[in-house]
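Biologist: Please take a close look at one part of this model for a first-year student, beginning with the aromatic rings and then following the chain from there into the sheet. I would like one connected account rather than a list.

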Amino acid sequence: MELDGRVVVVTGGTRGVGAGIARSFLAAGADVIVCARRPPDQEVAADGRKAAFTPVDLRDPAAVHTFFDTVAHRHGRLDCLVNNAGGTPYRLLGEGEAQRHARVVELNLLAPMNASLTAYPWLRQARGSVVMIGSVSGTRPSPGTAAYGAAKAGLENLARSMAVEWAPDVRVNSLVLGMVRTELAHLHYGDETGIASVGATVPLGRLAEPADVGEAAVFLASDRAAYISGASLLVHGGGERPAFLDAATVNKEN
């Protein structure tokens, strides 16, 4: 298997996209450690192999240092860090205090930066890689999740700067995600009818599955991507059909 013997940390890897990423790395042969504030409802496993879980608050620098020290001493190496942990509630800018929006930026930008800096010595020793999990919200207006979009825009830029500063020892890339169907998809898109309707707006006709993201992450961490660094790989099913095409009164398809 292509990642046999590699050690991978997936932050926020206990559910949703993170669990999908962790399962893909397990299937590729890697030893996977997932971390989050709370344990998973069920073990993250694939092909008869299980991810190890460690509780950690990624916004606590001291806890993050302890976590990576433990991983390195227990496994002897660290080959890839997937900065997946993040998210945001729906909150218009005028409906929340600045401090609440700042917490969103802290989780989605500052926490991945701190985790990457803390993991760097072991990643450098292994000539490993970092995979940032970004979002199309960082490249387009993001009403209702403006602080999240701003943080994801910063994360993508951070990854590109890291790729330059840390080359040639550590590769750093981003996955820029569109809409993904997870166990929480109903909170964003509604019932099955709503999810199907939203999926129909995507050129490929559906929302991404967590496994789609996981396979892309495995690729970026593998030797097949040995010359890829500072890249942003779009995982969005072709993006969004421009709204003006549907509003225009000419050039309509039959």
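Modeller: Rings of Phe, Tyr and Trp, the last taken by its six-membered ring, count as a pair if their centres lie within 6.5 Å, and planes under 30 degrees apart are called stacked, planes over 60 edge-to-face, and the rest tilted. With that rule, and keeping in mind that this is a predicted model, a search of the whole structure gives 2 aromatic pairs. The pair of phenylalanine 67 and phenylalanine 68 is edge-to-face, because the planes of the rings stand at 65° while their centres are 5.0 Å apart. Phenylalanine 67 counts as buried because its relative accessibility is 4%, and phenylalanine 68, with a relative accessible area of 1%, is buried as well.

The other pair joins tyrosine 120 and tryptophan 166, whose ring centres are 4.4 Å apart and whose planes make an angle of 35°, an arrangement described as tilted. Since tyrosine 120 belongs to helix H3 and tryptophan 166 to helix H4, this pair ties together parts that lie 46 residues apart in sequence. Tryptophan 166 has a relative accessibility of 8%, so this residue counts as buried.

The helices that carry tyrosine 120 and tryptophan 166 lead us to the strands. Helix H3, residues 98-126, lies on the path of the chain between strands, but it is easier to meet those strands before the crossover is described. Strand E6, residues 80-83, pairs with strand E7 in the parallel sense over 4 bridges. In this pairing valine 82 stands opposite valine 131 of E7, and leucine 81 has valine 130 of E7 as its bridge partner. On its way from E6 to E7 the chain passes through H3, and this β-α-β crossover is right-handed. A right-handed β-α-β unit is also made by E7, helix H4 (residues 146-166) and strand E8. E7 pairs with E8, residues 171-177, in the parallel sense over 7 bridges, and in E8 valine 176 is the bridge partner of glycine 134.

How many residues of E7 are buried? Strand E7 covers residues 129-135, and 7 of its 7 residues are buried. From E7, Ser129, Val131, Ile133 and Ser135 point one way, whereas Val130, Met132 and Gly134 point the other way, and all of them are buried. A similar description can be given for E6, where Cys80 and Val82 point one way and Leu81 and Asn83 the other, again with all of them buried.

Next comes the sheet as a whole. Strands of a sheet pair through backbone hydrogen bonds, either parallel or antiparallel. Here 7 strands form an open sheet in the order E5-E2-E1-E6-E7-E8-E9, and the pairing is parallel. Strand E5 (52-55) and strand E9 (232-235) stand at the edges with a single partner strand each, so one side of each has no neighbour in the sheet. If direction is ignored, neighbouring strands of this sheet are turned against each other by 20° on average.

On the side of E6 away from the pairing with E7 in that order comes strand E1. E1, residues 7-11, pairs with E6 in the parallel sense over 3 bridges, and valine 9 stands opposite leucine 81 in E6. Towards the edge, strand E2 (residues 31-36) and E5 pair in the parallel sense over 4 bridges, and phenylalanine 53 in E5 is the bridge partner of valine 34.

Finally, we return to H3 and its packing with another helix. Helix H2, residues 61-75, packs with H3 at an angle of about 30°, and their axes are 10 Å apart. Because angles under 35 degrees count as roughly parallel, H2 is roughly parallel to H3. The crossing of H2 and H3 is right-handed. Elsewhere, the axes of helix H1 (residues 16-27) and helix H7 (residues 210-221) come within 7 Å and cross at roughly 50°, and H1 and H7 are therefore oblique to each other. The crossing of H1 and H7 is right-handed.

Note on methods. Residues are numbered from 1 along each chain as its sequence is written. This is a predicted model: local features need pLDDT of at least 70, side-chain atom pairs count only at pLDDT 80 or more; totals for chains, interfaces and linings use all residues. Side-chain values use heavy atoms; hydrogens and water are left out. Buried means under 20% relative accessible area, exposed over 50%, partly exposed in between (1.4 Å probe, protein chains only). Helices (H or I, at least four residues) and strands (E, at least two) are DSSP runs, numbered from the N terminus. Two strands pair if DSSP finds at least two bridges between them. A crossover is right-handed if, with the strands pointing away from the viewer, the path from the first strand over the helix to the second runs clockwise. Axes are lines fitted to C-alpha atoms, for helices over the stretch in contact, and angles run from 0 to 180 degrees between N-to-C directions. Angles under 35 degrees count as roughly parallel, over 145 as roughly antiparallel, 65 to 115 as roughly perpendicular and the rest as oblique. A crossing is left-handed if the near helix is turned anticlockwise from the far one by less than a right angle, and right-handed if clockwise.
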